[in-house]
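Please work through the following exercises with the sequence and the coordinates at hand. Each task is followed by a worked solution.

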Amino acid sequence: MVQAQGLLVDDESRCVHYHTDKDIVALQCYECQKYYACYQCHNALETHTFTPYPLSLKEDRPILCGSCKKTLTYEEYSKKSSCPYCNAAFNPACQSHHSYYFK
């Protein structure tokens, strides 16, 4: 089972930086391929900075739902405000960090 990494990460991918009930999305760094609760956690724990995922890679699954642990394509993630598998709500404010995670 895929688990998010980061600083003080709980079992639904919340971290020290983002920890509301809807902060359950973890994102994959393109360079190291690890899922992190947020780019700040990644940058604190890795020797490289978080590398955004190219949106041209349609089949890849760079998003992890912390609730059900399913990985999602960008299209699945961006079409709904909740997980298409378990219906857990995602934080709508995450869209303001789009440029950190996707290119």
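The exercises below concern an annotated domain, an acidic residue and a group of aromatic rings in a predicted model.

**Exercise 1.** Determine which residues UniProt assigns to the feature "domain: CHY-type" and how far apart the ends of that span lie.

*Solution.* The UniProt record, an unreviewed entry, places the feature "domain: CHY-type" at residues 8–88. Within the model, the C-alpha atoms at the two ends of residues 8–88 are separated by 21 Å. Helix accounts for 16% of this span and strand for 14%.

**Exercise 2.** Describe the surroundings of Asp23 and establish which side chain of opposite charge is nearest.

*Solution.* Step 1: locate the residue. Asp23 belongs to the segment that precedes β1 (25–28).

Step 2: examine the charge. A salt bridge requires a side-chain nitrogen of Lys or Arg within 4 Å of a carboxyl oxygen of Asp or Glu. For Asp23, the nearest side chain of opposite charge is that of Arg14, at 6.4 Å. Asp23 is thus buried without a salt bridge.

Step 3: list the polar partners. The Asp23 side chain reaches the backbone nitrogen of Thr20 at 2.8 Å. It also makes a polar contact with the Asn91 side chain, at 2.8 Å.

Step 4: complete the neighbourhood. Leaving aside residues up to four places away in sequence, Asp23 touches Glu12, Ser13, Arg14, Tyr18, Asn91 and Cys94.

**Exercise 3.** Classify the ring pair of Tyr39 and Tyr100, and state which parts of the chain the pair ties together.

*Solution.* Step 1: count the pairs. With ring centres required to lie within 6.5 Å, the count comes to six aromatic pairs.

Step 2: apply the geometry. The ring centres of Tyr39 and Tyr100 are 4.1 Å apart and the planes meet at 15 degrees, so this pair is stacked.

Step 3: place the partners. Tyr39 is in helix α1 (residues 39–45) and Tyr100 in helix α3 (residues 98–101), so the pair ties together parts 61 residues apart in sequence.

Step 4: compare accessibility. Tyr39 has a relative accessible area of 13% and is buried, whereas Tyr100, at 37%, is partly exposed.

**Exercise 4.** Classify the pair of Tyr39 and Tyr101, then name the aromatic cluster that includes Tyr39.

*Solution.* Step 1: Tyr39 and Tyr101 lie 6.0 Å centre to centre with 70 degrees between the planes, an edge-to-face arrangement.

Step 2: Tyr39 is in helix α1 and Tyr101 in helix α3, so this pair ties together parts 62 residues apart in sequence. Both Tyr39 and Tyr101 are buried.

Step 3: Tyr39, Phe50, Tyr100 and Tyr101 make up one aromatic cluster.

Notes:
Residues are numbered from 1 along each chain as its sequence is written. This is a predicted model: local features need pLDDT of at least 70, side-chain atom pairs count only at pLDDT 80 or more; totals for chains, interfaces and linings use all residues. Side-chain values use heavy atoms; hydrogens and water are left out. UniProt positions are given in the numbering used here, feature names are shortened, and annotations may be inferred rather than shown by experiment. Helices (H or I, at least four residues) and strands (E, at least two) are DSSP runs, numbered from the N terminus. Buried means under 20% relative accessible area, exposed over 50%, partly exposed in between (1.4 Å probe, protein chains only). Lys and Arg count as positive and Asp and Glu as negative; His and the chain ends are not counted. A polar contact is a pair of N or O atoms within 3.5 Å; within protein, one must be able to donate a hydrogen and the other to accept it, and residues adjacent in sequence count only if both atoms are side-chain atoms. Contact means heavy atoms within 4.5 Å. Rings of Phe, Tyr and Trp (its six-membered ring) pair if their centres lie within 6.5 Å; planes under 30 degrees apart count as stacked, over 60 as edge-to-face and the rest as tilted.
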